[in-house]
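The exercises below ask the reader to work through one protein model step by step. Please inspect the sequence and the structure before attempting each task.

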Amino acid sequence: MSLSAAEDDSGSEIHIPADIDWHMLDKSKFFFLGAALFSGVSFALYPAVVLKTRQQVSSAQISCSKMSLSIMRYEGLRGFYRGFGTSLMGTIPARALYMGALEVTKTSVGTATVRLGFSDTTATAIASAAAGLNSAMAAQLVWTPIDVVSQRLMVQGYNNNAFSNCRYKNGLDAFRKILYADGPKGLYRGFGISILTYAPSNAVWWTSYSVANKFIWVGLGCSMSKRDESSVIGGSGSKPDSKTLVAVQGLSAAMASGVSALITMPLDTIKTRLQVLDGEENGMRRPMTVLQTVRNLVKEGGLAACYRGLGPRWASMSMSATTMITTYEFLKRLSTKSQERLTS
């Protein structure tokens, strides 16, 4: 599938580099470089995830600044990276599964929709939605247990009597204790709500991204062609520089993140509480149900309580998405097979 930023009837067309399909990638280079690049991105954005998680499990509204100062005062910089090692170890296989499912689905569905007669814009949107949905569901098989363990470590030491009394030395110790106390289902706490959160969120994000990307290029098409007529190739269009390409990708990602965060924030809050907090029944601590979690949120602040941590989540998603998509597109171009290997 190729992505053109303007239609022929616009009078001038701007051509961006063609989309890179699954069969064009060197798979070993794609996954190896991807693990290294995305590990760095995860490290940079992890503190925002810790802030979001603590705000979501808090029984009262606490601002980001107060939460940050509290963590720095009592736990130091290390407090912002609680559970990072565990999260990183899970992110590598989960991200590989995610990227593989994303590219295979996008290529397959995109080709099928074009053959069915859909326009390029519509085919791209449908393929992006299907790819986002499928990749999120595949990645959650690995990510949910890692999410449960890393989030327990994130909030350990935070003052809330609803947390488990268990103390964890590290990710492996947490994994062992959760498995011993609750069995495999303990590691998959909130799996259903995770699917309900991340699958639609990814579908919305990738659809919004592809549509935003398309319309931004359409808007830039005429102005860029008029501004730099000397760059027109064969009189049919102009080619943007790398800075413009990255800027458009980043803006599209930030716009898509805003839409996705607003739509899925309540589900994300419920999911986080299910994975971290315990209820009490007959003097014994037990995992909370979705209904109990919703009731507690309503008591604590109604709909507003469901949006605790929206600021850090929105900022984290926007920064993450902007960084991830530019890194992802860069990774795909680094991993493209040579022309000789493609034709052989």
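Five exercises follow, each with a worked solution.

The model is predicted, so local features need pLDDT of at least 70 and side-chain atom pairs count only at pLDDT 80 or more, while totals for chains, interfaces and linings use all residues. Residues are numbered from 1 along each chain as its sequence is written, and side-chain values use heavy atoms, with hydrogens and water left out.

**Exercise 1. Salt bridges**

Task: Determine how many salt bridges the whole structure contains, and locate the partners of Glu-75 and Glu-300.

Solution.

Step 1. Apply the criterion: a salt bridge is a side-chain nitrogen of Lys or Arg within 4 Å of a carboxyl oxygen of Asp or Glu. Side chains of opposite charge can pair when their charged atoms come close. The search of the whole structure returns nine salt bridges.

Step 2. Take Glu-75, which is bridged to Arg-54 with the closest N and O atoms 2.8 Å apart. Glu-75 lies in the loop between helix H2 (64-74) and helix H3 (84-115), and Arg-54 lies in helix H1 (residues 27-57), so the pair ties together parts that are 21 residues apart in sequence. Helices (H or I, at least four residues) are DSSP runs, numbered from the N terminus.

Step 3. Classify the two partners by relative accessible area: buried means under 20%, exposed over 50%, and partly exposed in between (1.4 Å probe, protein chains only). Glu-75 is partly exposed at 24%, whereas Arg-54 is buried at 1%.

Step 4. Turn to Glu-300, which pairs with Arg-273 at 2.8 Å between the closest N and O atoms. Arg-273 belongs to helix H8 and Glu-300 to helix H9 (residues 290-301), so this pair ties together parts that are 27 residues apart in sequence. Arg-273 is buried, at 2% relative accessible area, and Glu-300 is partly exposed, at 28%.

Step 5. Add the bridge between Glu-300 and Arg-308, whose closest N and O atoms are 3.1 Å apart. Arg-308 counts as buried, with 5% relative accessibility. Elsewhere, salt bridges that share partners join Lys-52, Asp-268 and Arg-313 into one network.

**Exercise 2. Cysteines**

Task: Establish how many disulfides the structure holds, and state whether Cys-64 and Cys-306 are buried or partly exposed.

Solution.

Step 1. Recall that a disulfide is a covalent bond between the sulfur atoms of two cysteines. The test requires a pair of cysteine sulfur atoms within 2.5 Å, and the structure holds zero disulfides.

Step 2. Compare accessibilities: Cys-64 is partly exposed at 30%, and Cys-306 is buried at 13%.

**Exercise 3. Cavities**

Task: Count the cavities of 30 Å³ or more and describe the lining of the largest cavity.

Solution.

Step 1. On a 1 Å grid over the protein atoms alone, a cavity is a set of points where a 1.4 Å probe fits but cannot get out, and lining residues have an atom within 4 Å of a point. Two cavities of 30 Å³ or more are found.

Step 2. The largest cavity has a volume of about 1200 Å³. Of the 42 residues that line the largest cavity, Arg-95, Trp-143, Tyr-198, Ser-320 and Met-324 are the closest to its centre.

Step 3. Assign the lining to helices: H1, H3, helix H4 (120-155), helix H7 (191-227), H8 and H11 each supply at least two residues.

**Exercise 4. A nonpolar patch**

Task: Identify which residues make the nonpolar surface patch of about 340 Å².

Solution.

Step 1. Patch residues have over 30% relative accessible area and no salt bridge, and nonpolar side chains (Val, Leu, Ile, Met, Phe, Trp, Tyr) are joined within 5 Å. The patch consists of Val-259, Leu-262, Ile-263 and Trp-314.

Step 2. Helix H8 (residues 242-276) gives the largest share, three residues. Trp-314 lies in helix H11 (residues 310-334) and is partly exposed, at 33%.

**Exercise 5. Contacts across the sequence**

Task: Find how far apart in space Lys-332 and Phe-30, and Arg-152 and Leu-277, are placed.

Solution.

Step 1. Lys-332, in helix H11, is buried at 0% relative accessibility. Its C-alpha atom is 6.8 Å from that of Phe-30, although the two residues are 302 apart in sequence.

Step 2. Arg-152, in helix H4, is buried at 7%. Arg-152 and Leu-277 are 125 residues apart in sequence and 8.9 Å apart, C-alpha to C-alpha.

Terms used
Patches are made of residues with over 30% relative accessible area and no salt bridge: like charges are joined within 9 Å, nonpolar side chains (Val, Leu, Ile, Met, Phe, Trp, Tyr) within 5 Å. Accessible areas come from the Shrake-Rupley method with a 1.4 Å probe; for residues, only the protein chains shown count as cover. On a 1 Å grid over the protein atoms alone, a cavity is a set of points where a 1.4 Å probe fits but cannot get out, and a pocket is an open set with protein on both sides within 12 Å along at least five of seven lines; lining residues have an atom within 4 Å of a point. Grid points are joined across faces, edges and corners, and a volume is the space filled by probe spheres set on the points.
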